[in-house]
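Me: I'd like a close look at one part of this protein, the open space inside it, and then a tour of the parts around it. Could you walk me through it in one go?

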Amino acid sequence: EKLDVRIQQSNAYKWVLLSIIMIGTFMAVLDSTIVNVGIPTIMKAFNIEVSTAEWILTAYMLTMTIMLPTAGWLADKFGNKRVYLLGLLVFTFGSWLCGRATSDEFLIGARAIQGIGGGTVQALGLAIVTREFPLHLRGIALGIWSVSSAASVSFGPMIGGYIIDNYHWTLMFDLNVPIGIAGICAGVFLLKEWKREDMGIFDWLGFITAAVFMTLTIYAMAHGHSVRNPQGWGSPLVIGSLLIAVSSLILFIRTELHHPNPLINIRLLADRNFATAMIVLLIFGIGLFGGTYMFPMFMQRGLGYTALAAGAVFLPVGIIQGFSSTITAWLSKLAGTITIVIAGILALAISFWMASHFNENTSHSHIILTLCIRGVGMGLTFAPLNVFSLRNIRKVDMAAASGISNSLRQLSGSISIALLIAVMTMRTEAYNALNPQAGEAESLVHGITDTFRITFVMTLVSILTFLLFMIKRKPLIT
């Protein structure tokens with residue numbers, strides 16, 4: 001009997017599968033964090049402004065968001081293993097293209113290709129792990145799976161900073177190529193195939209309206225504060241983009257409620273646990289992802305840290321997040337899942353409150369303490385929130401549910417970056433106008449701390465939303 005068959009039929013198979021999935025998840029999340037410390041260098045390399053540079057991040061997150069629910073349908077139709085490995089291949093190819101970029105337009109396009117693969121890998125990774133592990137082991141498995149995300153948060157900025165300070169920035173992307181090839185080879189050899197036999201037609205209208213809504217929303221928010229747009233938020237292009245985006249959202253919801261095979265099965269929101277978790281994730285994610293982008297910018301452009309020094313402060317964050325993720329299953333049994341989630345969100349809120357009081361004299365140790373509290377919060381939040389949200393979801397709906405979850409998380413990240421950069425730009429300009437003698441770094445610090453105040457408020461609102469919907473018993477959709 002072949003070795004791969006023996007492994008697939010053994011009790012250890014689910015743990016082997018978890019290890020393989022973690023490789024893909026690590027890389028997909030890594031490319032959401034490693035680039036943050038490289039943005040100032042890339043801006044100089046291509047002589048671009050902040051409103052253009054943010055597309056290096058949002059292009060990746062947008063296509064990832066669009067692919068997250070799409071990947072679920074493709075996997076159910078053509079096979080989870082086949083589509084997962086294809087996504088990993090596209091991600092690896094996109095990484096190789098990023099390393100060949102000669103202009104900001106080329107890099108943004110390559111990042112979009114990366115996002116297509118990254119979205120596929122992330123969506124199917126969670127679904128595959130959830131499907132393979134029985135309920136009594138699912139909390140432990142998701143906690144361990146979260147370690148790959150934590151490792152990316154921890155090592156991504158530091159690896160990126162080391163590369164920026166010592167090598168060419170393109171190496172940040174080239175590193176993915178050999179890891180991606182190794183993950184593909186392991187998956188081909190070891191993963192089992194699984195697919196549904198009753199799949200219907202693809203929801204093209206849902207796909208198109210979702211893509212239009214997300215793209216134009218982010219475009220309008222980015223263009224509203226661009227120096228290339230002297231009319232600002234009153235620009236006809238910005239207003240027109242927002243009107244089309246809202247119309248697309250309305251048409252998308254209508255389509256999903258009536259389509260026999262919706263791209264995103266929003267009727268799953270009829271489950272109170274799932275609906276509560278998704279609303280919390282959307283609000284909570286706006287603060288979380290925007291804050292992740294702002295910390296390196298504060299340290300590099302505000303305090304003058306090198307890229308490596310700015311990235312190194314995230315090392316303990318990931319370690320703490322990884323540790324707290326692994327013990328959430330045990331803590332949830334002692335105190336309850338909801339209690340642990342609320343404790344995690346509170347820890348994040350505290351970290352953002354501390355960051356909102358940063359200034360140009362903030363010490364290194366104070367920054368690390370703030371980020372460590374943030375790491376505890378992230379570790380305590382994500383795995384229990386996933387378990388809570390999927391508690392009543394049928395096995396056959398796992399891919400669709402994980403697609404919604406990951407889509408909302410990435411969408412909130414894309415919106416938050418555009419929103420917080422707009423706030424930072426406006427507040428920095430306002431501070432400059434009131435204090436013309438202030439230096440660029442001082443003005444930037446004031447603009448960034450204002451964004452941390454917003455993330456603090458958003459994080460608290462997510463807790464209130466959680467409590468409100470836990471009291472409300474009626475489903476959102478009937």
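Reply: Here is a walk through the pocket, the cavities, and then a few helices and residues.

Keep in mind that this is a predicted model.

Let's start with the largest pocket. It holds about 560 Å³ of space. Of the 21 residues lining it, Leu-249, Phe-252, Ile-266, Leu-408 and Leu-411 sit closest to the centre. As for character, the lining of the largest pocket is made up of 19 nonpolar residues and 2 polar ones, with no charged residue. Several helices build that wall: H4 (50-78), H10 (204-223), H11 (236-258), H12 (272-302) and H18 (398-434) each put in at least two residues. H18 supplies the largest share of the lining, 5 residues.

Next, the closed spaces. Searching the whole structure turns up 4 cavities of 30 Å³ or more. The second largest cavity has a volume of about 50 Å³. H12, helix H17 (364-390) and H18 are the elements that give two or more residues to its lining. H17 gives the most here, with 4 residues. By name, the second largest cavity is lined by Ala-277, Met-278, Leu-281, Phe-382, Leu-385, Asn-386, Ser-389, Ser-405 and Arg-409. Sorted by type, that lining comes to 5 nonpolar, 3 polar and 1 charged. So H12 and H18 turn up twice on this tour: they help line the largest pocket, and they also help line the second largest cavity.

Now back to H11, one of the helices in the pocket wall. Is its length what a helix of that many residues should have? What you'd want to compare is the expected span and the modelled one: at 1.5 Å a residue, the 23 residues of H11 should span 33 Å, and the end C-alpha atoms are 33 Å apart, so the two agree. The buried residues of H11 are Val-238, Ser-241, Ala-245, Ser-248, Phe-252, Thr-255 and Glu-256, and these pack against H10. You've met Phe-252 already, as one of the residues closest to the pocket centre.

Follow the chain on from H11 and you get to His-259, in the loop between H11 and H12. His-259 has a relative accessible area of 18%, and because that is under the 20% cut-off, it counts as buried. Leaving out residues up to four places away in sequence, His-259 touches Ile-201, Phe-202 and Asp-203. There is also a link to a loop neighbour: a polar atom of the His-259 side chain lies 2.9 Å from the backbone nitrogen of Asn-261.

Last stop, helix H6 (residues 104-132), which is where Gln-114 sits. H6 is mostly covered, with 22 of its 29 residues buried. Its length checks out too: 29 residues at 1.5 Å each should span 42 Å, and the end C-alpha atoms are 41 Å apart, which agrees. Gln-114 itself has 0% relative accessibility, so it counts as buried. Setting aside residues up to four places away in sequence, Gln-114 touches Asp-31, Tyr-60, Phe-91, Gly-94, Ser-95, Cys-98, Phe-173 and Asn-176. For a sense of distance, Gln-114 and Asn-36 are 78 residues apart in sequence, and their C-alpha atoms are 16 Å apart in space.

Key:
Residues are numbered from 1 along each chain as its sequence is written. This is a predicted model: local features need pLDDT of at least 70, side-chain atom pairs count only at pLDDT 80 or more; totals for chains, interfaces and linings use all residues. Side-chain values use heavy atoms; hydrogens and water are left out. Buried means under 20% relative accessible area, exposed over 50%, partly exposed in between (1.4 Å probe, protein chains only). Contact means heavy atoms within 4.5 Å. On a 1 Å grid over the protein atoms alone, a cavity is a set of points where a 1.4 Å probe fits but cannot get out, and a pocket is an open set with protein on both sides within 12 Å along at least five of seven lines; lining residues have an atom within 4 Å of a point. Grid points are joined across faces, edges and corners, and a volume is the space filled by probe spheres set on the points. Ala, Val, Leu, Ile, Met, Phe, Trp, Tyr, Cys and Pro count as nonpolar, Asp, Glu, Lys and Arg as charged, and the others, Gly among them, as polar. The expected span of a helix is 1.5 Å times one less than its number of residues. A polar contact is a pair of N or O atoms within 3.5 Å; within protein, one must be able to donate a hydrogen and the other to accept it, and residues adjacent in sequence count only if both atoms are side-chain atoms.
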